[in-house]
Each structure stands twice: as structure tokens, then as C-alpha cells.
Amino acid sequence: MAKQLIVLFALVAYASAGMKIGNGGLDLLKFSEGWRADYYIDQIGLKTIGYGHACVWHNNCNDIGKTPLTQQQGVDLLKKDLVEYENCVNNAVSGLNQNQFDACVDFTFNMGCQAFQTSDILKNIKAKNMQAAANSFDKYNVAAGQVIEGLTVRRANDKKLFLKK
């Protein structure tokens, strides 16, 4: 009986953990963010390292240790960071396939949880209009009132992944 309860609790914990980003999403995110083994200042002025690890959101990077990072350290750091964004998407919506989930996590990692929660992407997903949700990615390519080429490419890649069967 005790073994059965342990297995049951493990299954419940696994199921409630929600989806995790898959290889397609991880590859897209790594491509979009780019790799930097040492600290740099990103487009909006934040001290960053690895695959888009913004120090301001993560203990000011005091726990990273010596640099340069290896790519494996960067991947490990990215996966740790992604838990917050996976949880954001999981808490906002269910029933997505892996590619749809991955595209939403990439968007959320880049734009923030609040941006995803208030996006037309999520509104259309909840309305079960997946084509409109995919098309909505195109709207989110502006920073500081300017269309950013890198965001235009990233949103096109998000849309492509979202629609991939």
C-alpha cells in the first residue's frame, strides 16, 4: 500500500508540474538569444551572460562564479531560468501541443510573463483560434516604439514553430 501511495504521489507531482520546453523550443531560444560566454550589456541596457541570462532578474549574477562560462554551464543556467516562464505558460493555458507551448515559452522568456498573459496570442489560444494566435506573434516586434529587426525575425520563428505539426 505504501509503495502504491508513493507512486501515486509521484504521478500527481509529475502531472501538476506541467509541460517543459522541448528541444525545438530550446534550440529556437538559444538561436534567438545567441551565446555569450562573458558578460555583456544587452539591447535594453541589462548586464547579461550566456543565453540571455539577465543579471538584474537573477541575484545580480552573484551566484554564477568565474567566467567565461562553458556552453554547458550556459545551457544549465538557461534551463534553470526557463522554469519561471514554463510555469507562466502552464498557469495561463493548457492543451497546447509541444511546439505551441515552446513558441509561447520563447515569447514569454523574451517579453515577460505579464506580456504573455495580456497578449493577443493568449486571448486567441483561449478562444481556440490557433491560426489567429499564430498570426498574433507578428504584432510583438517593437521595443521603445521602434520595430526591431531581431524581434521581427524572432516572432516569425515563434509563429513558424507554433504552427508546426
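Lys128 has its place in the loop between H6 and H7, and in this predicted model the residue shows a positive phi of about 65° although it is not a glycine. With a relative accessible area of 68%, Lys128 is exposed, because exposure is assigned over 50%. A comparable entry concerns Ala144, which is found in the loop between S4 and strand S5 (146-147); phi of Ala144 is near 50°, again a positive value in a residue other than glycine, and at 81% relative accessibility Ala144 counts as exposed. A further backbone feature belongs to the loop between S3 and H3, where Pro68 lies: the peptide bond from Thr67 to Pro68 is cis, with omega near 10°.

These loops join the elements of a protein chain that has eight helices and five strands. Read from the N terminus on, the elements run α-α-β-β-β-α-α-α-α-α-β-β-α, so that, by the numbering of helices and strands from the N terminus, H3 is the helix that follows S3. Of the 165 residues in the protein chain, buried residues make up 39%, while the accessible surface comes to about 9700 Å², with 56% of it belonging to carbon and sulfur atoms. Among the contacts between residues at least 6 apart in sequence, 55% join residues at least 24 apart.

Helix H3, which covers residues 71-92, offers a simple check of geometry: at 1.5 Å a residue its 22 residues should span 32 Å, and because its end C-alpha atoms are 31 Å apart, the expected and the computed values agree. The helix nevertheless has a kink of about 30°, centred on Leu82. Leu82 is also one of the buried residues of H3, a list that includes Gly74, Val75, Leu78, Asp81, Tyr85, Glu86 and Ala92. The partners against which the buried residues of H3 pack are helix H2 (23-33), strand S2 (47-50), strand S3 (53-54), helix H4 (98-111), helix H5 (113-117) and helix H6 (120-126).

From H3 the reader can pass to the nonpolar interior. The largest nonpolar core has 30 residues, and those with the most contacts inside it are Leu82, Val89, Cys104, Phe116, Ile121, Ile125 and Phe162. At least two residues of this core are supplied by each of H2, H3, H4, H6, helix H7 (130-136) and helix H8 (149-163), and it is H3 that gives the most, with seven residues. To follow one of the well-connected members, Ile125 is in contact with Val93, Leu96, Cys104, Met130, Ala133 and Phe162, once its neighbours within four places in sequence are left aside. Apart from the largest core lies another core, of six residues, among them Cys55, Cys61, Ile64 and Leu77.

Aromatic residues give another way through the interior, and a search of the whole structure finds six aromatic pairs. The rings of Phe107 and Phe137 have their centres 6.0 Å apart and their planes at 80°, and therefore the pair is edge-to-face. This pair links distant parts of the chain, since Phe107 is in helix H4 and Phe137 is in the loop between H7 and strand S4 (142-143), 30 residues apart. The rings of Phe107 and Tyr140 have their centres 5.1 Å apart and their planes at 80°, so that this pair is edge-to-face as well. Here too distant parts of the chain are linked, with Tyr140 in the loop between H7 and S4 and Phe107 in helix H4, 33 residues apart. Phe107 and Phe137 are both buried; Phe107 counts as buried at 0% relative accessibility, and Tyr140 is buried with a relative accessible area of 17%, because the cut-off for burial is under 20%. Together, Phe107, Phe116, Phe137, Tyr140 and Phe162 form one aromatic cluster.

Helix H4 also contains Gln100, a residue that is buried, with a relative accessible area of 10%. Not counting residues up to four places away in sequence, Gln100 touches Met130 and Phe162. The C-alpha atoms of Gln100 and Leu163 are separated by 7.1 Å, although these residues are 63 residues apart along the chain. Phe162 thus recurs on this route, as a contact of Ile125, as a member of the aromatic cluster and as a residue touched by Gln100.

Note on methods:
Residues numbered from 1 in each chain as written. Predicted model: local features only at pLDDT ≥ 70, side-chain atom pairs only at ≥ 80, totals over all residues. Heavy atoms only, no water. Helix = DSSP H or I, 4+ residues; strand = E, 2+ residues; numbered from the N terminus. Buried < 20%, exposed > 50% of the residue type's maximum accessible area, 1.4 Å probe, protein only. Contact = heavy atoms within 4.5 Å. Areas by Shrake-Rupley, 256 points an atom, 1.4 Å probe, with all protein chains shown as cover. Expected span 1.5 Å × (residues − 1). Bend = angle between axes of the 7 residues up to and from the residue. Core = buried A, V, L, I, M, F, W, Y, C linked by side-chain atoms within 4.5 Å. Phe/Tyr/Trp six-rings, centres within 6.5 Å; stacked < 30°, edge-to-face > 60°.
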